[in-house]
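Welcome, and please open the model in your viewer with both chains on screen. We will go from stop to stop, selecting as we go.

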Amino acid sequence: MFIIVKIFEIKEIITGALYAVHWTAEADHSMNKMAEQYSDAQFLLAYFEQNKKKLDFFRTDVQSAVLKTINEANELIQQILELAENSSASKKPDLDSLFVQLHKEGAFTHHRYYTDFKAVGRRGEAPWIRIYAVKCDYNLYFITGYGIKLVKQMQDDPLLIIELEKLERASRYLKQEGYL
Amino acid sequence: MRRIKNMALTREEKIAKLKQLNKPEDKNDKWREIAQWNRAHAESLEDFVVIALRIAEAIKEQNISQTMLAERLSITPQALTRIMKGRQNLTLQTIRKFEQVLDICLISVHTREPGTIRHHARLQHTEINYKSDEMPVFSGKMKFSLITETVSKPSSIKKYLRIA
């Protein structure tokens with residue numbers, strides 16, 4: 001099982017708007033890792049072979065799942081690249097349109113309802129890629145991780161439970177540092 | 001959105017603090033390289049992945065290792081890894097090499113029956129029917145299909161005549 005130790009560093013993705021957390025137990029920051037893994041057919045093939053049963057719900061096979069994931073991930077990183085390219089000191093990207101609240105409406109009693117966010121691919125049916133982030137201010141986000149959500153609730157997938165844990169730890173760290 | 005209470009720093013202070021943490025020389029933008037590569041190869045991105053998956057399937061079926069395959073193809077294991085990841089702009093020559101070594105079909109080019117085209121192209125305004133053996137990349141199975149094209153301009157007919 002993957003062990004999260006602590007935040008190693010915070011890397012800039014879009015100046016003054018988007019940052020990514022690099023965890024000590026991971027080789028790179030979350031944005032780089034997401035882009036690399038979700039554009040790698042070999043990595044995804046192994047992932048979906050392991051999670052083959054979960055694909056039954058989506059009525060799809062492993063190979064189609066790989067293709068769908070690569071397309072979805074590409075769409076997300078192209079969106080972020082466009083935002084980065086079109087941003088300047090005077091014109092900030094609109095990240096508030098990219099990220100949506102992670103906890104469903106009505107779950108505002110959740111203690112991180114106003115800080116836990118996710119970015120989801122907009123095109124295609126039932127997008128399953130998620131980028132998780134902590135919102136620290138308007139248009140200011142910290143990417144803590146990512147995942148492929150093939151289950152109804154994040155709690156149903158061990159890898160997504162880790163993502164919830166990362167959100168929790170990042171929130172705590174960002175609070176300590178005065179960002180939250 | 002409700003304003004987050006007890007914020008220690010203002011937005012400007014937060015950004016100033018983040019600027020201090022992120023020196024330009026420490027930039028690590030691999031995601032950007034991936035995004036730009038994807039953009040540059042947008043039309044073929046899916047093809048690279050489908051080919052990679054078909055190769056992976058053949059390797060599994062034939063029970064051969066990637067090292068062994070790299071040797072047979074006379075390419076480096078690193079080059080093979082890039083192809084298997086779907087992150088390599090493949091040349092037709094490389095694709096044919098894979099087809100030979102693994103005895104599979106990855107892509108096919110439409111073949112025309114010159115006689116049929118020449119016959120129809122004699123007409124000023126005509127419909128050209130030609131048969132082609134189309135081989136879908138994904139399944140590797142043969143599929144027979146009939147392609148119909150309507151040619152109305154004499155220049156197009158000339159083009160077909162040249163081919164025929």
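**Stop one: the sheet of chain A**

Select strand S2 (residues 18-23) of chain A together with strand S6 (residues 140-148) of chain A: the two run parallel and are joined by 3 bridges. For one of these pairings, pick Leu18(A), whose bridge partner in S6(A) is Tyr141(A). Keep in mind throughout that this is a predicted model.

Now widen the selection to the whole sheet. You should have an open sheet of 6 strands in chain A, in the order S1-S2-S6-S5-S4-S3, with mixed pairing. Which strands stand at the edges? They are S1 and strand S3 (99-101) of chain A; each has a single partner strand, so one side of each is left without a neighbour in the sheet. As you look along the sheet, the twist from one strand to the next averages 40 degrees.

Next, add the helices that pack on the sheet. H1(A) touches S1, S2, S5 and S6 of chain A, and its direction makes about 35 degrees with that of S6(A). H3(A) also packs on the sheet, where it touches S1, S4, S5 and S6 of chain A; its direction makes about 30 degrees with that of S5(A).

**Stop two: strand S5 and its partners**

Select S5(A) on its own. How many of its residues are buried? The count is 8 of 9, so the strand is mostly covered.

Bring back S4(A), which pairs with S5(A) in the antiparallel sense over 5 bridges. Within that pairing, click on Asp116(A) and find its bridge partner in S5(A), Val134(A). Stay on Val134(A) and turn to S6(A), where its bridge partner is Phe142(A). S5(A) and S6(A) are antiparallel too, with 8 bridges between them. Follow the chain from S5(A) into S6(A) and you trace a hairpin with 2 residues in between. In the turn, stop at Asn139(A), which has a positive phi of about 60 degrees.

**Stop three: colour by confidence**

Colour chain A by pLDDT. The mean for the chain is 89, with 91% of its residues at 70 or more. Among the elements of chain A, strand S4 (residues 116-120) has the lowest mean, 85, and H2(A) has the highest, 98.

**Stop four: over to chain B**

Hide chain A for a moment. Chain B holds 8 helices and 2 strands, and from the N terminus on they run α-α-α-α-α-α-α-β-β-α. Chain B has 164 residues, of which 16% count as buried. Take the contacts in chain B with a separation of 6 or more: 50% of them involve residues 24 or more positions apart.

**Stop five: where the chains meet**

Show both chains again and select the contact, made by 32 residues from chain A and 30 residues from chain B. On chain A, strand S1 (7-14), helix H1 (30-37), helix H2 (41-50), helix H3 (62-85) and strand S5 (129-137) each supply at least two residues of the side that touches chain B. The largest share, 8 residues, comes from H3(A). Coloured by class, this side of chain A shows 16 nonpolar, 10 polar and 6 charged residues.

**Last stop: the largest nonpolar core**

Finally, select the largest nonpolar core, with 68 residues; Val66(A), Tyr141(A), Phe142(A) and Val49(B) touch the most other members. H3(A) gives the largest share of this core, 9 residues. End on Val49(B): leaving aside neighbours within four places in sequence, Val49(B) is in contact with Ala41(A), Val66(A), Leu67(A), Ile70(A) and Gly86(B).

Key
Residues are numbered from 1 along each chain as its sequence is written. Chains are lettered from A and ligands numbered from 1 in the order in which they are written. This is a predicted model: local features need pLDDT of at least 70, side-chain atom pairs count only at pLDDT 80 or more; totals for chains, interfaces and linings use all residues. Two residues are in contact if their C-beta atoms, placed from the backbone, lie within 7 Å. Helices (H or I, at least four residues) and strands (E, at least two) are DSSP runs, numbered from the N terminus. Ala, Val, Leu, Ile, Met, Phe, Trp, Tyr, Cys and Pro count as nonpolar, Asp, Glu, Lys and Arg as charged, and the others, Gly among them, as polar. pLDDT is the predictor's confidence in each residue, from 0 to 100. Two strands pair if DSSP finds at least two bridges between them. Axes are lines fitted to C-alpha atoms, for helices over the stretch in contact, and angles run from 0 to 180 degrees between N-to-C directions. A residue is buried if 20 or more other C-beta atoms lie within 10 Å of its own, exposed if 12 or fewer, and partly exposed in between; C-beta atoms are placed from the backbone. A nonpolar core is a set of buried Ala, Val, Leu, Ile, Met, Phe, Trp, Tyr and Cys residues joined through C-beta atoms within 7 Å.
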